[in-house]
Amino acid sequence: YVRSLQPGLGLASGAPILRPDLFRIPQLGTLNLHKGLLPDYRGMPPGFWELHDGAELSGVTVHWVDEGLDTGPIVLQRRLPVPTHPTVTGLATALDHLGTAALIDALRQIEADSTPCGTVPQPRQDEAPPPRRRPSWRVARSVRRRLAKRRRPSRSLRARLRSIAKHAVLGAYVHAWAPLR
């Protein structure tokens, strides 16, 4: 079906891994918007591994799709400083906005060049590390807890004692008084 449309350029963003017989159909090739800085942050999910590694920068990469996973020639990259008190969802949303602008810039750049991918030598990515996979729930939980701890202001001794007293009273009510009543 796609072949019958005779597309000039293919675009992929957040798509599953494309088969070669699909991404080779467009005349110019297929572009992918990857929400991470290649080649270091291949794979997914967007922004998570940067936060896991404590990186100061994140970003997006627009690249040509080839047989490898996020290994095609890079068209452009946009960088974004990781916020002081980030969340995984917040960083992913910021990467979505940055990615939209980067994809538009890449399309303008390709239109200005007006040469199909492959007719001019395209720079290849250097030897890339293996792609990152979706983290286990334990790793994801530890990153969420570490980020939440960074966002939480340190409490004074008085505030901690008050919190302990409130929990003790609530626990006594729930586990002792309520059942007797």
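Start at Pro 45, in the loop between strand 2 and helix 3. Helices (H or I, at least four residues) and strands (E, at least two) are DSSP runs, numbered from the N terminus. This is a predicted model, with residues numbered from 1 along each chain as its sequence is written. Local features need pLDDT of at least 70, side-chain atom pairs count only at pLDDT 80 or more, totals for chains, interfaces and linings use all residues, and side-chain values use heavy atoms, with hydrogens and water left out.

**Stop 1: two cis bonds**

Stay on Pro 45. The peptide bond that reaches Pro 45 from Met 44 is cis, with omega near -5 degrees. Now select Leu 38 and Pro 39. A cis peptide bond joins this pair too, and omega is about 5 degrees. Pro 39 also sits in the loop between strand 2 and helix 3.

**Stop 2: the cavity**

Keep Met 44 and Pro 45 selected. Both help to line the largest cavity. A cavity is a set of points on a 1 Å grid over the protein atoms alone where a 1.4 Å probe fits but cannot get out; lining residues have an atom within 4 Å of a point. Add His 34, Trp 49 and Arg 132, which are also among the lining residues. The space inside is about 50 Å³. The structure holds one cavity of 30 Å³ or more. The lining has five nonpolar, three polar and four charged residues.

**Stop 3: the pocket**

Next, find the largest pocket, with about 580 Å³ of space. A pocket is an open set of points with protein on both sides within 12 Å along at least five of seven lines. Its lining has 29 residues, and the closest to its centre are Ala 15, Asn 32, His 34, Leu 69 and Asp 70. Strand 1, helix 2 (20–23), strand 2 and strand 3 each give two or more residues to the lining. Strand 2 gives the largest share, three residues.

**Stop 4: two positive phi angles**

Click on Asp 70, in the loop between strand 3 and strand 4. Asp 70 is not a glycine, yet its phi is positive, about 60 degrees. Is Asp 70 buried or exposed? Its relative accessibility is 9%, so Asp 70 counts as buried. Buried means under 20% relative accessible area, exposed over 50%, partly exposed in between (1.4 Å probe, protein chains only). Jump to Gln 6, in the loop between helix 1 (2–5) and strand 1. Gln 6 has a positive phi as well, about 50 degrees. Gln 6 counts as exposed because its relative accessibility is 64%.

**Stop 5: strand 1**

Select residues 10–13, which form strand 1. Gly 10 and Ala 12 point to one face and are buried. Leu 11 and Ser 13 point to the other face and are not buried. Now add residues 30–34, strand 2: the two strands pair in the parallel sense over four bridges. Pairing takes at least two DSSP bridges. Look across from Ala 12 to find Asn 32 in strand 2.

**Stop 6: the core**

Finish at the largest nonpolar core, a set of 23 residues. Such a core is made of buried Ala, Val, Leu, Ile, Met, Phe, Trp, Tyr and Cys residues joined through side-chain atoms within 4.5 Å. Which element supplies the largest share of this core? Helix 4 does, with seven residues. Select Val 75, one of the residues with the most contacts inside the core. Beyond four places in sequence, Val 75 touches Leu 31, Val 62, His 63, Trp 64, Ala 106 and Gln 109, where contact means heavy atoms within 4.5 Å. In soluble globular proteins, nonpolar side chains tend to be buried together.

Terms used: Points joined across faces, edges and corners; volume = space filled by probe spheres on them. Nonpolar A, V, L, I, M, F, W, Y, C, P; charged D, E, K, R; others polar.
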